[in-house]
Amino acid sequence: MGLSRRGLLTAGLLLPVGGLAYYPLRGLSAADGSDAVEAASPLGLADDLANPPEIHASDGVLRATLRMALQDVTLPGGATELRNYGALPGPTLRVHPGDTLEIRLENRLPPNPDRGTPVMNTPNRFNSTNLHFHGFHVSPRGNSDNVYLEIEPGQTFNYVVQLPDDHPAGTYWYHPHRHGSVAAQVASGAAGMMIVNGTLDEVPEVRDAVERILVVQAPIAVEGGLIESMDSIWELTAERDFLINGQYRPRIYLREGEVQHWRVLHAGDAQFLPFTLDGLTILEIGRDGNPLDEPEEMTEVDLAPGNRVNLMVRAEKEGYYELRRPAFNQGIQALPEVHLADVIVLPADSDRVDSSIPMATALPSGPLPENRILTDITEDEIVAQRQFVLGTRTVEGMYKNMTFTINGEAFDPRRDDVVAKLNTAEEWVFINETPFPHPLHIHVNPFQVVAINGEPEEYKHWQDTIAVPAAGTVTIRTRFTDFTGRFVMHCHILPHEDLGMMLNINIEE
Amino acid sequence: MARHGILLAGLLLALTPATALADDDKSATAMPEAAASCLSCHGASGRPVLPEVPIIAGQQPAYLERALKSYREGLRNGGPALVMSGIAADLSDEDIKALAQWFGEQR
């Protein structure tokens with residue numbers, strides 16, 4: 001299955017592709033033994049949105065170098081300088097369950113201007129970094145998905161991440177996770193997609209469809225260049241340029257009757273992304289990294305920062321359509337409509353698309369592949385219940401004289417907030433005492449959403465990031481399997497994380 | 001405006017009319033200190049922007065008082081009531097009386 005996908009992408013490369021210029025390859029490279037695929041439109045059209053470049057595992061190992069460095073770019077909002085992996089977005093890393101990722105992370109950012117001991121839970125050292133494998137069910141220890149590491153400017157670190165043989169198939173992503181500089185770096189576009197190809201890709205309708213990658217990022221063109229202070233990104237309403245695969249309002253092509261498989265990642269730092277594509281049929285088949293039990297038809301898809309979704313999109317009729325974020329309220333803040341992309345449906349027999357490009361027309365129906373890790377968590381299995389209150393606290397001398405808190409406390413890396421046993425399951429209630437939603441992300445183990453605002457969920461989605469509504473509650477169940485060690489749970493509105501809305505979970509034998 | 005900016009601005013906005021009200025009409029009660037934690041969700045003077053948060057401006061003070069005590073004692077629970085039980089946990093009987101009175105007076 002992985003081979004046919006690879007073959008398809010390679011075939012796309014033989015055609016002239018306009019999107020290449022957006023992906024200078026200086027920030028990334030596939031090392032020995034891994035395959036690199038350049039950016040390309042999956043339909044081979046010059047003005048079609050290109051999938052970002054990819055690095056594929058080969059013989060079970062994906063070797064790549066990610067270089068965190070300064071990038072000069074001109075965004076629609078103006079010329080600026082970003083901290084990222086050399087391109088908006090970084091390369092897509094494609095693996096299979098059981099594969100190993102060997103990632104060399106080079107921090108080529110300049111020395112930090114602030115050299116003293118940083119104050120915990122204030123923005124600091126924007127040039128220090130590390131790497132998080134968002135959604136992966138992998139070890140949080142050592143040189144695996146360990147977000148307590150700090151890779152200083154000039155340093156290089158080798159991550160080795162081993163996926164279990166039965167890892168769910170889906171859409172994941174990587175981004176920096178160093179407390180204090182997370183928001184500044186992710187808001188600069190430091191992110192890329194990761195794909196685990198597996199059982200979901202063996203569903204015939206998914207296998208046969210053209211695959212499209214959509215990495216949504218919302219960088220801010222900071223006047224004068226680099227983000228040197230949280231002030232430039234702090235405002236929720238700061239002017240963010242919504243880009244897909246680094247392009248502003250790109251064109252996305254389909255053929256009439258065609259079904260495409262879209263992997264959508266919301267890699268923005270703060271604003272939510274509800275979106276619509278009126279006139280086309282949309283089936284959701286995966287949320288975060290996890291296949292749904294069966295496809296679900298959607299009229300609007302709602303992504304919080306950090307969420308991903310696998311969609312099967314069918315173009316019903318030739319014409320022009322728009323991918324839009326409608327105007328909405330993020331808590332008590334009204335946010336405007338965003339025109340994300342033009343969607344153009346060509347006639348089914350359009351000679352613009354080479355006849356060698358396959359055209360799938362069937363939508364999947366019925367049950368999607370099951371997975372051991374995503375076995376329903378029943379009430380009988382719950383060994384403990386915990387409650388987490390999300391709030392803010394006035395603390396003089398901190399950034400904006402405040403911290404963001406969970407159960408009244410801001411993050412402290414030395415404190416174990418949750419200690420739990422391996423191979424047990426717990427039920428957690430999140431209570432949001434603020435007038436803004438907070439998307440909570442838990443590392444390492446996925447969780448099942450059982451209730452929102454006390455209303456039981458009819459279908460209990462497996463996710464790794466869930467928006468807790470403003471002045472509302474969410475109940476989840478999570479099972480700690482396969483990995484001991486410490487990891488974190490935090491708000492994925494990243495300025496909130498930097499200001500303290502994060503805690504430590506320690507899983508013991 | 002930033003999230004917290006809004007939160008704080010919301011508080012300021014809320015404080016301003018309350019103060020103005022007190023200035024204009026000496027008989028009106030000043031906003032109790034404990035109300036600060038209510039306004040970010042329930043809105044300035046008890047009129048919320050959030051669609052799922054109840055309007056408490058002009059609500060019967062006796063009802064508000066009983067509701068707050070019920071939240072504090074855990075008699076109302078589950079779902080969104082968990083938000084309120086956390087907030088009411090630290091309120092004294094006097095705080096609750098003052099809050100109920102003040103929100104009841106808002107129009």
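**Exercise 1. Strand pairing around strand 26**

Determine in which sense, parallel or antiparallel, strand 26 of chain A pairs with strand 29 of chain A in this predicted model, and in which sense strand 26 runs relative to strand 27.

*Solution.*
1. Strand 26 of chain A covers residues 382-394, and strand 29 of chain A covers residues 425-432. Eight bridges link the two, and the pairing is parallel.
2. A residue pair within this pairing is Phe388(A), which stands opposite Phe430(A) of strand 29.
3. Strand 27 of chain A spans residues 402-406 and is joined to strand 26 by five bridges; these two strands run antiparallel.
4. Here Thr394(A) lies opposite Met402(A) of strand 27.

**Exercise 2. The interface of chain A and chain B**

State how many residues each chain contributes to the contact, and characterise the buried area.

*Solution.*
1. Chain A contributes 29 residues and chain B contributes 18 residues.
2. About 2000 Å² is buried between the chains, with 67% of this area coming from carbon and sulfur atoms.
3. Of the area that chain A buries against chain B, 27% is supplied by Ile332(A), Glu433(A) and Ala471(A), more than by any other three residues.

**Exercise 3. Polar terms and contributing elements**

Count the salt bridges across the interface of chain A and chain B, and identify which element of chain A gives the most to the side touching chain B.

*Solution.*
1. The salt-bridge count is zero.
2. Three residue pairs, both members at pLDDT 80 or more, are in polar contact.
3. Helix 4 (231-234), strand 26, strand 29 and helix 5 (494-498) of chain A each supply at least two residues to this side.
4. Strand 29 gives the most, with three residues.
5. By class, the residues of this side of chain A comprise 14 nonpolar, twelve polar and three charged.

How values were computed:
Residues numbered from 1 in each chain as written. Chains lettered and ligands numbered in written order. Predicted model: local features only at pLDDT ≥ 70, side-chain atom pairs only at ≥ 80, totals over all residues. Heavy atoms only, no water. Pairing = 2+ DSSP bridges. Helix = DSSP H or I, 4+ residues; strand = E, 2+ residues; numbered from the N terminus. Contact = heavy atoms within 4.5 Å. Buried area = accessible area lost by both parts, 1.4 Å probe. Salt bridge = Lys/Arg side-chain N within 4 Å of Asp/Glu carboxyl O. Polar contact = N/O pair within 3.5 Å; in protein donor to acceptor, adjacent residues only side chain to side chain. Nonpolar A, V, L, I, M, F, W, Y, C, P; charged D, E, K, R; others polar.
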